[in-house]
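Please open the structure in your viewer and keep the selection panel at hand. The stops below are arranged as a sequence of selections, each with a short account of what is found there.

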Amino acid sequence: MTAAAPLTTDPADLLHRVFGFGQFRPGQEEIVRAVIGGQDVLAIMPTGGGKSLCYQLPALARSGLTVVISPLIALMRDQVGAMQQAGVPAASLTSGNTPEENDIVFDALSDQRLKLLYIAPERLASGATTGLLRRAGCSMIAVDEAHCVSQWGHDFRPDYLRIGELRQALDVPLAAFTATADAATRTEIVQRLFDGREPASFLRGFDRPNIRLAFAVKDSPRKQIMAFAAARRGQSGIVYCATRARTETLARALADAGHPARAYHGGLEDWERRTVEGLFQTEDGLIVCATVAFGMGVDKPDVRWVAHADLPKSIEAYYQEIGRAGRDGLPADTLTLFGPDDIRLRRAQIDESNAPADRREADHGRLNALLGLAEAPTCRRRMLLAYFGEISDPCGNCDLCETPARLFDATEPVRKALSAMLRTGESFGTNHLIDILTGNPTDKVRQRGHDLLPTFAVGQNLKRPAWQAVFRQMMGRDLVRPDRDRYGALRMTEAARPILRGEASIDFRADSVERATSRPEPRALVSDDDAPMLAALKAHRRELAQAAKVPPYVIFNDRSLIEMAERRPTSLDDFATITGVGATKLERFGPSFLAVITGQEEPAAHPARIKLAASGHGTLYERLHAAEQELTRGPDGAQKPLSLTTTQRARLVSQRPKDAQAMTRLIGNRATERFGAAFLEILSER
Ligand code: ADP
Ligand code: ZN
């Protein structure tokens, strides 16, 4: 936690030097500029859009401390780790800290040495926090997962309600971030965090183009999931299940098939859940079979696939759950299974909940929207985005773009269905309407005299499941909507009028039930030629990550490794142009990764730099290396040559041992005896 004075306050420069990114992601730059400029900001970005950077970078550009309020301890720890690896003085105060860790943080705060402090919302309940932050020179508040302030939301955190007071007391600008964008939540955020004063608002599109979308009719879910996982062996994935029992059986089946797999659900002990979360974060290629309890804490950028063994409960839940894949922007794959049992289960869950009637109604609507997506006739992404109010072209990255659905002219059945609805006053739900259409004289039908309607029994050419599919697709195409006030009752929308009048025709999917489970092979991340190199780079990353006790992607994310494997930089200058390589990471990790790439023990192309290093001007790694070379045969030049491995050197740089004992743990007795004193002197210079 050294207080490095920022070399620059220019956003593009910081992006490059500290974060090692060549460009801002869409939307980031405007937000960053507004936050640096001291405006109150509300930014809504999809998961994986790069929200963290939008407060981390401004924190470096502004004077004083930025306090970040975030609900997730594991996530905070990772972010602090990542910031520290990038050379940024950052720390966190959470219930997970030891008293010793807290003392170090308090010291750094009172010396005003920190740029970023992550705190858990529970901290706000203590009156001392405001004073602490004031004395630490806090000049900005950033709120992650800002929707947690919404009492109607699913992630409500009572302590978030105190953030408004904190802002008033400190009188500093506040930047709030969330991926939840519905208007009600937005209004609540503005009210509670900004006292109702409109902040500068940024709404980024919802599209996650790297995530492939696919649905399949559930046939044998276990077989389907196993096949999907088998085609992606070695890749990290999540299988969402509706029940605890299913998470256990699927995890066992996957493990039996030789995949590293774990189950995760609310019935596990706290420590068991934390263990699985930790494993998922740090282990390459683990599969977690989970209920929705596995969610907000998942901040792993390289989840390569998400499968739903059971239909999610709403279109929002679907979007959020598949969104946990591919946060690093690389290709990711999804598969959602659905069948009649799922629909019944989800409907029953809504009906049996204690929510008020209007809430239950809205939940049925969200489920309907998801069913519509499952039955979509054309591009799924287009329909998903349309639900969130975005117009787009067919995506080319969903199952229906790849294999167009077989369609049939559904104009006639749709007109019959609409007519049954209208003749019964738009007051009934699907089941009753199907009874009328198929001529099923139930008590309810007879009591209401619906067996006397001209539409009674006009639809006997289709069986009940076929009619259900027709109604589902009508909902999915927004020809009919469930009425908010009368549970289940379908109302016609304006979009249906031309069809009813015979002015337009409409096609529905004929094939959703027959659709096979054949799926294209997953795309490889790199070519066959580069795959061994990528594997070697990953192995090296894992070693460094284990030594530093951080998740591997904190060292470099997959994207950076892929670029290294493809571009094969041969010098530190080349290496510096890889995405994700900032100045600090160049110094700490550049030489050892270069060694892996070039297959040489050290970056030989750099005699000039080594000389520079010897005169005290190179990177820390280079100076250590120079000292080592000088002493390779001992101070008198008469002993047996001894040298370190690249990894040992990299460890010295990343861990910076403070005494001979700590050094011995990293490089062993003999090397410490020979080089220890010289190394400690170099390490103490910083
Ligand atoms: P979220 O919006 O979900 O919080 P994160 O802040 O975790 O997203 O960012 C997701 C991933 O994108 C991270 O791995 C991050 O390093 C990466 N990222 C963020 N901004 C950029 C950028 N400008 N260029 C390249 N990668 C970026
Ligand atoms: Zn598509």
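The tour passes through two ligand sites, two helices and two individual residues. The model is a predicted one.

**Stop 1: the zinc ion**

Select ligand 2, the zinc ion, together with its protein donors, the SG atoms of Cys379, Cys395, Cys398 and Cys401. These sulfur donors stand 2.3 to 2.4 Å from the metal. What is the geometry of the site? The angles among the four donor atoms run from 100 to 118°, and the site is tetrahedral. Along the sequence, the donor residues follow the spacing C-x15-C-x2-C-x2-C. Cys379 belongs to the loop between helix H14 (357–374) and helix H15 (380–387), whereas Cys398 belongs to the loop between H15 and helix H16 (399–402), so this pair ties together parts that are 19 residues apart in sequence. Both Cys379 and Cys398 are buried.

**Stop 2: ligand 1**

Move next to ligand 1 and display the 15 residues around it; those that come nearest are Gln23, Gly48, Lys51, Ser52 and Arg327. Three polar pairs may be inspected here.

- Gln23: one of its backbone N or O atoms lies 2.8 Å from a nitrogen atom of ligand 1.
- Lys51: a backbone N or O atom is found 2.8 Å from an oxygen atom of ligand 1.
- Ser52: an N or O atom of the side chain is 2.5 Å from an oxygen atom of ligand 1.

**Stop 3: helix H7**

Select residues 163–170, which form helix H7, and colour its buried residues: Ile163, Gly164, Leu166, Arg167 and Leu170. Viewed down the axis of H7, these buried residues fall within an arc of 160°, so they line one face of the helix. Which elements should be displayed as their packing partners? The buried residues of H7 pack against the strands E2 (65–69), E5 (138–143) and E6 (174–178), and also against the helices H6 (128–135) and H8 (183–194). Just after H7, Asp171 adopts a positive phi of about 55°.

**Stop 4: Thr129 in helix H6**

One of the partners of H7 is helix H6, and Thr129 lies in H6. Is Thr129 buried or exposed? Thr129 has a relative accessible area of 5%, which means that this residue is buried. Apart from neighbours within four places in sequence, Thr129 is in contact with Ile119, Arg123 and Leu124. For a distance across the model, select Arg446 as well: Thr129 and Arg446 are 69 Å apart in space, C-alpha to C-alpha, and 317 residues apart in sequence.

**Stop 5: Asp530**

Select Asp530, in the loop between strand E18 (507–509) and helix H22 (531–548). Its relative accessible area is 14%, so Asp530 is buried. When residues up to four places away in sequence are not counted, Asp530 touches Ala565, Glu566 and Arg568.

**Stop 6: helix H30**

Finish at residues 660–667, helix H30, where the buried residues are Ala662, Met663, Leu666 and Ile667. Because they cover an arc of only 115° around the axis, they are on the same side of H30. Rotate to the face turned away from that buried side to find the exposed residues Gln661 and Arg665. The buried residues of H30 pack against helix H29 (646–655) and helix H31 (669–684). Gly668 follows H30, and its phi is positive, near 90°.

How values were computed. Residues are numbered from 1 along each chain as its sequence is written. Chains are lettered from A and ligands numbered from 1 in the order in which they are written. This is a predicted model: local features need pLDDT of at least 70, side-chain atom pairs count only at pLDDT 80 or more; totals for chains, interfaces and linings use all residues. Side-chain values use heavy atoms; hydrogens and water are left out. Buried means under 20% relative accessible area, exposed over 50%, partly exposed in between (1.4 Å probe, protein chains only). Helices (H or I, at least four residues) and strands (E, at least two) are DSSP runs, numbered from the N terminus. The arc is that of the directions from the helix axis to the C-beta atoms. Contact means heavy atoms within 4.5 Å. Donors are N, O and S atoms within 2.8 Å of the metal (3.2 Å for Na, K and Ca); water is not among the atoms, so sites may look incomplete. Four donors count as tetrahedral if all angles lie between 85 and 135 degrees; four count as square planar and six as octahedral if opposite donors are over 155 degrees apart and all others between 65 and 115; anything else is irregular. A residue is near a molecule or strand if one of its heavy atoms lies within 4 Å of it. A polar contact is a pair of N or O atoms within 3.5 Å; within protein, one must be able to donate a hydrogen and the other to accept it, and residues adjacent in sequence count only if both atoms are side-chain atoms.
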